[in-house]
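Here is a short, friendly tour of a structure for your next coffee break. Have the viewer open as you read.

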Amino acid sequence: MQEIMIAIVLGIAVGCSDLLDYNVKKWLSRLSTVSLFIMLLCLGAKIGCDAELLGKLAQLGGKSLVMAFFIIGGSVLALWLVLKLFAKTAARAEGSDE
């Protein structure tokens, strides 16, 4: 796990330092897309090979659906609250300018 975190931090540092030209960034973008596709394919194959997990898929799917609903709902609620807070702050700032 430590190696993964080090790689991520180094990648962020290289990206922020702007050492890479446009062609390298374009190539890295394509490489990351292909890598993500391969990882998802391997994950699907691993799930497909696990008979116990396939047996519980309906139960896990229902729980995942409920969890996803609450995660999305919570995110929308948090966004609404933040926007409302910013609207009040902007209104107060406009009122103090006069």
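## An aromatic pair

Rings of Phe, Tyr and Trp (its six-membered ring) count as a pair if their centres lie within 6.5 Å, and planes over 60 degrees apart make the pair edge-to-face. Applied to this model, which is predicted, that rule gives a count of one aromatic pair. The partners are Phe69 and Phe70, with 5.5 Å from centre to centre and 75° between the planes. Because planes over 60 degrees apart are called edge-to-face, that label fits the pair of Phe69 and Phe70.

Are these two rings buried or exposed? Both Phe69 and Phe70 are exposed.

## Helix α1 and the residue after it

Helix α1 covers residues 2-17, 16 residues in total. From its first C-alpha to its last, α1 reaches 23 Å, close to the 22 Å expected at 1.5 Å a residue.

What follows α1? The answer is Asp18, which has a positive phi, near 60°. Asp18 counts as exposed because its relative accessibility is 53%, and the cut-off for exposed is over 50%.

## Two salt bridges

How many salt bridges does the structure hold? There are two. In one of them, the side chain of Asp18 meets that of Lys25, at 3.1 Å from N to O. Lys25 has a relative accessible area of 39%, so this residue is partly exposed.

Glu52 and Lys56 also meet through their side chains in a salt bridge, here at 3.6 Å from N to O. Glu52 is exposed, with 56% relative accessibility. Its partner Lys56 has a relative accessible area of 41% and is therefore partly exposed.

## Two residues of helix α2

Helix α2 runs over residues 22-49, and Leu31 has its place there. Leu31 counts as partly exposed because its relative accessibility is 40%. Along the chain, Leu31 and Leu53 are 22 residues apart, and their C-alpha atoms are separated by 31 Å.

Met39 is also found in helix α2. With a relative accessible area of 56%, Met39 is exposed. How far apart in space are Met39 and Glu52? From C-alpha to C-alpha they are 21 Å apart, with their positions 13 residues apart in sequence counted as a separation. Glu52 is the residue that forms the salt bridge with Lys56.

Notes
Residues numbered from 1 in each chain as written. Predicted model: local features only at pLDDT ≥ 70, side-chain atom pairs only at ≥ 80, totals over all residues. Heavy atoms only, no water. Helix = DSSP H or I, 4+ residues; strand = E, 2+ residues; numbered from the N terminus. Buried < 20%, exposed > 50% of the residue type's maximum accessible area, 1.4 Å probe, protein only. Salt bridge = Lys/Arg side-chain N within 4 Å of Asp/Glu carboxyl O. Expected span 1.5 Å × (residues − 1). Phe/Tyr/Trp six-rings, centres within 6.5 Å; stacked < 30°, edge-to-face > 60°.
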